[in-house]
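Here are my notes on this one, written as numbered points. Have the structure open while you go through them.

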Amino acid sequence: MRSEQAGEDPGELVGTHTVRFPGGYTRSTGPVLGRFLTELRDGRLVGVRTAAGRVLFPPAEYDPEDGAPLPDPPEFPEVGPGGTVHTWCWVGAPRPGHPLDHPFAWAAVRLDGADTAVLHALDFGPDAPADRPPARLRTGLRVRPRLRPEDERTGSITDIRCFRPEVDRIIDDRRLDYTVRADAALTRYLEAQLHGRILGSRTRGGRVHVPMRDVDPVDGAPMAGEVELPDTGVLTTFSVNHVPDPRAPAVPFVTGYVRLDGADVDLLTLISGVEPEKVHAGMRVRAEWLPPGERTRTRPSIRWFVPDRGAGAEEGPR
């Protein structure tokens, strides 16, 4: 061991020391740590079982709770590879000698099947923020080790390069663009809405469908005729949405199926004018139309449906 001291400054007492082991520090691993490091070099994670049945990872040569010796011969159960973060500390500015050159966390990770935790680097990628921990970093986070390539492993704890969060989400930014060409029935339906009218189609069996259709979806037979429907009905089922939609009122908003009076199928629409927690199946609703100047032939002219305050709220589908 060697100690070096910096030059003296008359105005300040400062000592800088370096501890060195000329030729390197060497120790024998013994049967427990040797087995652990050999398995790690070969890409396997093993702990050691104490006489009390606890699994230590990394292994120790004795039970750290009471100093009791390990069973003879020792048992080396495989652990992980997944594990759970128990404690952590964010490192926004890595220093020389740290395992990563970008912000990371020191984390105590308890691998599945182990009763103790290993302290190691937890990597959130080169774009991790320096000024704050990532939102995902928390106690209980599921992680997995990233091992060094096989030809770089030497039988050291650093053969685990770091830990990384398990994949628990995907972000898909793809989009689908498509064109809908209105047939004669849909064109007629949209044109009628320009004038505040809702048109449906009657099947030969007497069922009324809305929007209008050219053929009966049950048997493909041509529709028997056109039916004009009122803009009132009953909400049959609904869903509260928390993802913004440019067509909808403020989040959260409600989408629902409305059975118009005189119809036999439901119309999917937005519901507004009522707090989401007060919406219920069976409530009477009416259409709220766009102003005439905002109506077009390319989309429905009903903005959404709102409670029909003057009707019986509990009347069911007709």
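1. A definition before anything else: helices (H or I, at least four residues) and strands (E, at least two) are DSSP runs, numbered from the N terminus. By that count, histidine 209 sits in strand 9, which covers residues 208-209. Keep in mind that this is a predicted model.

2. On the whole chain: the secondary structure comes to two helices and 15 strands. The radius of gyration is 35 Å, well over the 20 Å that the globule rule gives for 318 residues, so the chain is more spread out than a compact globule. Along the principal axes, the C-alpha atoms fill a box of roughly 100 × 60 × 40 Å.

3. Burial and contacts: 35% of the 318 residues count as buried. If you take the contacts with a separation of 6 or more, 52% of them are between residues 24 or more positions apart.

4. Surface and charge: the accessible surface is about 19,600 Å², and carbon and sulfur atoms account for 50% of that. There are 41 positive and 47 negative side chains, with the centres of the two sets 5 Å apart.

5. Helix 1 (residues 30-41) passes a simple length check. At 1.5 Å a residue, its twelve residues should span 16 Å, and the end C-alpha atoms are indeed 16 Å apart. After the helix comes glycine 43, with a positive phi near 90 degrees.

6. Which residues of helix 1 are buried? They are Val32, Gly34, Phe36, Leu37, Glu39 and Leu40. Their cover includes strand 1 (48-49), strand 6 (142-147) and strand 7 (160-165).

7. Back to histidine 209: is it buried or exposed? Its relative accessible area is 8%, and buried means under 20%, so histidine 209 is buried. Leaving out residues up to four places away in sequence, histidine 209 touches Gly200, Ser201, Thr203, Asp216, Pro217, Met223 and Val265.

8. Now look at histidine 242, in the loop between strand 11 (232-241) and strand 12 (253-260). Its relative accessible area is 59%, and the cut-off for exposed is over 50%, so histidine 242 is exposed. With residues up to four places away in sequence left out again, histidine 242 touches Val251 and Pro252.

9. One last distance to check on your screen: histidine 242 and glycine 225 are 17 residues apart in sequence, and their C-alpha atoms are 40 Å apart in space.

Technical notes. Residues numbered from 1 in each chain as written. Predicted model: local features only at pLDDT ≥ 70, side-chain atom pairs only at ≥ 80, totals over all residues. Heavy atoms only, no water. Rg over C-alpha atoms; globule rule 2.2 N^0.38 Å. Buried < 20%, exposed > 50% of the residue type's maximum accessible area, 1.4 Å probe, protein only. Contact = heavy atoms within 4.5 Å. Areas by Shrake-Rupley, 256 points an atom, 1.4 Å probe, with all protein chains shown as cover. Lys, Arg positive; Asp, Glu negative; His and termini not counted. Charge placed at Lys NZ, Arg CZ, Asp CG, Glu CD. Expected span 1.5 Å × (residues − 1).
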